[in-house]
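Biologist: Could you take me through one part of this model up close? I'd like to look at the enclosed space first, and then at the aromatic rings.

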There are 2 protein chains.
Amino acid sequence: MKLYDSTLAPNPRRVRIFLAEKGIELPRTEVDIGAGENLSPAFLAINPRGLLPTLVLDDGTVIDESMAICRYFEELQPEPPLMGSDPREKAIVESWNRHIEFDGGLPVMDGFRNGHPRFAERAVAGRAGHAAIPALAERGRQRVAEFYAVLDERLRLSPYVAGPAFTVADITALCIVEFARTVRMPWPAGLDGLERWHQEVSARPSAAA
Amino acid sequence: MKLYDSTLAPNPRRVRIFLAEKGIELPRTEVDIGAGENLSPAFLAINPRGLLPTLVLDDGTVIDESMAICRYFEELQPEPPLMGSDPREKAIVESWNRHIEFDGGLPVMDGFRNGHPRFAERAVAGRAGHAAIPALAERGRQRVAEFYAVLDERLRLSPYVAGPAFTVADITALCIVEFARTVRMPWPAGLDGLERWHQEVSARPSAAA
């Protein structure tokens with residue numbers, strides 16, 4: 001089994017933190033996305049979408065998409081549970097994880113890739129080239145601001161994103177808000193719920209992954 | 001338990017087909033998205049995101065996001081399996097389902113909502129109003145064309161989207177390609193893999209859901 005990884009991007013970090021919380025160690029290969037290695041023929045032969053992370057099982061099965069990779073390890077080793085323990089919990093965790101991905105992760109990427117000169121001709125992650133759309137960068141930044149307000153409201157009421165326990169939804173949220181901060185869309189001051197939660201989850205040993 | 005539903009939108013149909021495949025019947029309430037009922041105070045009190053489908057459990061727990069609702073029923077009633085039966089299968093199904101959602105579903109929605117006068121001030125689904133971006137409609141249509149080619153290639157090699165068995169990834173793909181066709185982004189002629197698969201999955205009784 002091998003994990004194709006990138007220390008520059010937020011999605012591979014989700015998987016690294018998930019594995020750290022599970023205490024699972026894997027052979028990893030860093031793919032240099034800064035040099036475009038994810039779009040090289042060698043990597044596209046492994047994952048034609050050119051995306052990271054990508055997990056290759058011993059039988060050659062290729063799994064991409066962070067949540068699918070996390071699902072594999074959650075099913076293989078349920079403890080500690082990071083995706084809920086019964087049907088209701090599993091649904092709640094998946095619901096919140098998707099809120100964070102769709103209302104937070106997508107807008108951050110819209111704001112970042114459509115606003116950075118580096119991605120002027122590759123504004124959509126992966127193989128196909130698409131020109132940046134400046135108005136979409138602006139919409140992304142507006143939606144990120146809305147997302148921070150909603151996330152803060154949630155975290156004033158709930159210890160963790162999906163309820164009383166730390167789950168993959170917290171991992172997703174941590175990776176997104178810290179990536180957003182890195183690319184100049186930091187959360188504003190005064191969001192006490194988000195701040196309290198961020199201090200707590202970023203202090204877990206797994207956050208160093 | 002109650003399902004808030006819409007017969008106009010593609011995501012609620014995913015859940016209806018999933019339930020039909022499982023043989024599960026639920027009380028459903030149609031929410032008239034054409035009249036904006038999903039953004040009424042009454043519905044926002046149930047789901048503040050204003051999105052459908054939304055499932056409310058008997059204990060009051062609210063689950064939105066189609067895949068989270070499907071997960072709930074898959075965990076409650078695993079037969080017939082629609083999300084895989086072991087860790088490897090579950091990861092493969094989730095990986096393919098997400099390919100379809102991100103590479104197909106998002107571009108279809110970009111192309112539709114940013115290009116239709118009805119959504120000129122509500123180009124992002126849900127509560128917040130965001131103005132349409134014509135260049136994003138165009139990018140969406142280009143990406144949908146790319147998606148059809150990739151999906152066709154897959155379905156020339158594989159009986160179903162995620163492999164040898166019908167799964168939720170087929171449900172997602174069916175709802176997306178038929179919705180795209182309805183909103184004037186039909187798949188082109190000559191995609192024999194996609195056509196063969198579409199004839200098969202659209203003939204299943206569940207497709208009428």
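How many cavities of 30 Å³ or more does the structure hold?

Modeller: Sure, and keep in mind that this is a predicted model. There are three cavities of 30 Å³ or more in the structure. The largest cavity has about 50 Å³ of space in it. Both chains line it: M67(A), R71(A), E94(A), N97(A) and R98(A) from one, and M67(B), R71(B), E94(B), N97(B) and R98(B) from the other. In terms of elements, α3 (66–76) and α4 (87–113) of chain A, along with α3 (66–76) and α4 (87–113) of chain B, each give two or more residues to that lining. Sort the lining by class and you get six charged residues, two polar and two nonpolar.

Now for the rings. Over all chains, the count is 15 aromatic pairs. Take F112(B) and F119(B): the ring centres sit 5.3 Å apart with the planes at 70°, so this pair is edge-to-face, given that over 60 degrees counts as such. F112(B) and F119(B) are both buried. F119(B) also has a charge over its face, as R113(B) lies 4.1 Å from the ring centre. In chain A, F112(A), F119(A) and F179(A) make up one aromatic cluster.

Another pair to pull up is Y160(B) with F166(B), whose centres are 6.0 Å apart and whose planes are at 90°, so that one is edge-to-face as well. Y160(B) is buried at 12% relative accessible area, and F166(B) is buried at 10%. Over in chain A, R204(A) lies over the face of F166(A), 3.6 Å from the ring centre.

Key
Residues numbered from 1 in each chain as written. Chains lettered and ligands numbered in written order. Predicted model: local features only at pLDDT ≥ 70, side-chain atom pairs only at ≥ 80, totals over all residues. Heavy atoms only, no water. 1 Å grid on protein atoms, 1.4 Å probe; cavity = no way out; pocket = protein on both sides within 12 Å on 5 of 7 lines; lining within 4 Å. Points joined across faces, edges and corners; volume = space filled by probe spheres on them. Helix = DSSP H or I, 4+ residues; strand = E, 2+ residues; numbered from the N terminus. Nonpolar A, V, L, I, M, F, W, Y, C, P; charged D, E, K, R; others polar. Phe/Tyr/Trp six-rings, centres within 6.5 Å; stacked < 30°, edge-to-face > 60°. Buried < 20%, exposed > 50% of the residue type's maximum accessible area, 1.4 Å probe, protein only. Lys NZ or Arg CZ within 6 Å of the ring centre and 35° of its normal.
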